[in-house]
Amino acid sequence: MTVLRIVLGDQLSHSLSALNDLDPGRDVVLMMEVEQEGTYVPHHKQKIVLVLSAMRHFAEALRDAGVTVDYVKLDAEDNTGSFTTELRRAIARHQPRRIVVTEPSEWRVRAMVEDWAELTGLAVGIRDDDRFFASHARFTAWAHGRKTWRMEHFYHDMRREHAVLMDDGQPAGGEWNYDKENRKKLPAKTVPPSRLRFAPDATTREVMALVERRFPDHFGALEEFGWPVTRADALRALEDFIAQGLPSFGDYQDAMKAGAPFLYHSLISPALNTGLLLPREVCAAAEAAWRAGAAPLNAVEGFVRQVLGWREYVRGVYWHMMPDYAEMNALQATRKLPDFYWTGKTAMRCLREAIGNTAEHGYSHHIQRLMVTGNFALLAGVAPRDIERWYLAVYVDAFEWVEMPNTFGMAVFADGGQMASKPYAASGAYIDRMSDFCGGCAYDVKQKTGPKACPFNYLYWAFFIRQKARLSGNFRLAMPYRNLAAWSPERQAAILAEADAFLDQLDSSDDGADCN
């Protein structure tokens, strides 16, 4: 009697729970490329190529191991376009007695899977995804009874429980967090290392041609595709990061540099989020580098915090808060997403740089996402769902479970502080301090008002004026509100007027200044 075992596009791990007790002589693995998953948001072309090519390579690896794989390609003549309808067709082909699947990572797909038993009349076993450090139950137990949630507290517990960067029950080096050492601007003469990229093989080239045919109007370009699509290449990418990126990652993890989208960042999040790499092994590799003297503690702790801390925490927040989380809008932001998020046509060099990198690579690092594109959306009052759908669409590593909490909780404060203690609002001074973007910009970061002033400057103050009723009681925002208290009503009105004038013309072809 056949067991039909389903593997989804972000479950490309040989240790996947759905495969644990697979009988190669009896069972069938079903993998499906479907139109619905490529179009529910207009995913970056590179993201679709990444997932489909990695799926095809994973299927071949399973076949090489003697597993029967029923693989439905996107361009198959009889492909019906959705998981559910393709499942029904597979049931007709294989007549399984039951279905096994590892829990999907996204609420939308989980709801779909939960209907399968009733729709098919078969038992559907939904297994826990044990590739993470923290189960849903573990996060729920941690969150229970807490008035406020903070990642740092969760992170400490994860370090203790999993003995990561711990010595005799204490944090390695005596501190839990070395973030204060990780805020350096990249020196102008420093040349970041060349990073390992992967030339598309025949399978990937076939998928690239398919994506250009099927999704010609989707965001982004394919020319620079270089992401790992196999387990072996993902391990090579991890090794490259440990050797080339990790030693300086800590110092410059918040830095930004024009023409250098990767700097010292790991570039392994696409492999992690599709299952080609596992969080335990990447944390172990980073810790081993520190213990061998190949990377400093501030760099290793900062990287581990991203994986064991933030990545696990946002997954917990997502599943604990959904589905209501998707509708949160604590700051009542309603402006539509400016067109330049899709076109890159803006005179603001920082945004042009971040969006250009995103179009070219399907990637920009976390500070560009948080403090450039996210910061602008926050200050401009962009509707949370608009900017959240954009992030989900344009980044190759964006899956809703990790992307939505980072957007709602960190970038635009839509959850009102459930995840972060304050909005990450900043003026142009922060971008100038951490990057070289302001040089050569059409605007002057030193000017606070006027037609040549950096828009981040007056939008910053306009944001705090508008949100006074909601935010002035937050002790972490005491300084901006103390400054505003000294402003006359006329000065505040002038800032609001200047911000409104700028925002009102955002829907033009650019933001009103020369983009060159």
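Which residues is H265 in contact with, leaving aside its neighbours within four places in sequence? Let's start there, everyone, and keep in mind that what we have on screen is a predicted model.

H265 lies in the loop between α9 and α10, the latter being residues 269–274. With that sequence neighbourhood set aside, the contacts of H265 are R195, F241, F249, Y252, Q253, Y363, H365 and H366. Is H265 buried or exposed? Its relative accessible area is 4%, so H265 counts as buried.

Stay in that loop for a moment and find L267, which also sits between α9 and α10. Its phi is near 60°, a positive value in a residue other than glycine. That deserves a second look, because most residues other than glycine have a negative phi. L267 is buried, at 8% relative accessible area. Now hop over to D168, in the loop between β6 (166–167) and β7 (170–171). Phi of D168 is positive too, near 55°, but D168 is exposed, with a relative accessible area of 83%.

Now let's turn to helix packing, with α12, residues 297–321, as our guide. How do α9 and α12 cross? The axis of α9, residues 231–252, comes within 7 Å of the axis of α12, and the crossing is at roughly 95°. The two helices are therefore roughly perpendicular to each other. On the α9 side you'll find F241, L246, P247, F249, G250 and D251, and they meet N298, A299, V300, G302, F303 and Q306 of α12. By type, the residues of this contact are seven nonpolar, four polar and one charged. You may recognise F241 and F249 from our opening, where both were in contact with H265.

Helix α7, residues 151–162, packs against α12 as well, at an angle of about 105° and with the axes 9 Å apart. That makes α7 roughly perpendicular to α12. From α7 come M151, E152, F154, Y155, M158 and R159, and from α12 come E301, V304, R305, L308, G309, W310, E312 and Y313. Here the split is eight nonpolar, one polar and five charged.

Follow the chain beyond α12 and you reach a cis peptide bond between M322 and P323, with omega about 5°. Most peptide bonds are trans. P323 is in the loop between α12 and α13, which covers 340–343.

Next stop, helix α19, residues 455–466. How far apart are its end C-alpha atoms? They are 16 Å apart, and that agrees with the 16 Å that its twelve residues should span at 1.5 Å a residue. Eleven of those twelve residues are buried, so α19 is largely enclosed by the rest of the structure. Among the buried ones are F456, Y458, Y460, W461, F463 and F464. What covers them includes α14 (349–361), α15 (366–380), α18 (428–434), α20 (468–471), α21 (478–485) and α22 (489–504).

Last, the cysteines. How many disulfides are there? The count comes to zero. Take C350 as an example: the closest cysteine sulfur is in C454, and because the two sulfurs are 6.4 Å apart, they are too far for a bond. C350 is buried, at 8% relative accessible area, and C283 counts as buried too, at 2%.

That's the tour, so do have a look around for yourselves. Thanks for listening!

Notes: Residues numbered from 1 in each chain as written. Predicted model: local features only at pLDDT ≥ 70, side-chain atom pairs only at ≥ 80, totals over all residues. Heavy atoms only, no water. Axes fitted to C-alpha atoms, helices over the stretch in contact; angles between N-to-C directions. Helix = DSSP H or I, 4+ residues; strand = E, 2+ residues; numbered from the N terminus. Parallel < 35°, antiparallel > 145°, perpendicular 65-115°, else oblique. Contact = heavy atoms within 4.5 Å. Nonpolar A, V, L, I, M, F, W, Y, C, P; charged D, E, K, R; others polar. Disulfide = S-S within 2.5 Å. Buried < 20%, exposed > 50% of the residue type's maximum accessible area, 1.4 Å probe, protein only. Expected span 1.5 Å × (residues − 1).
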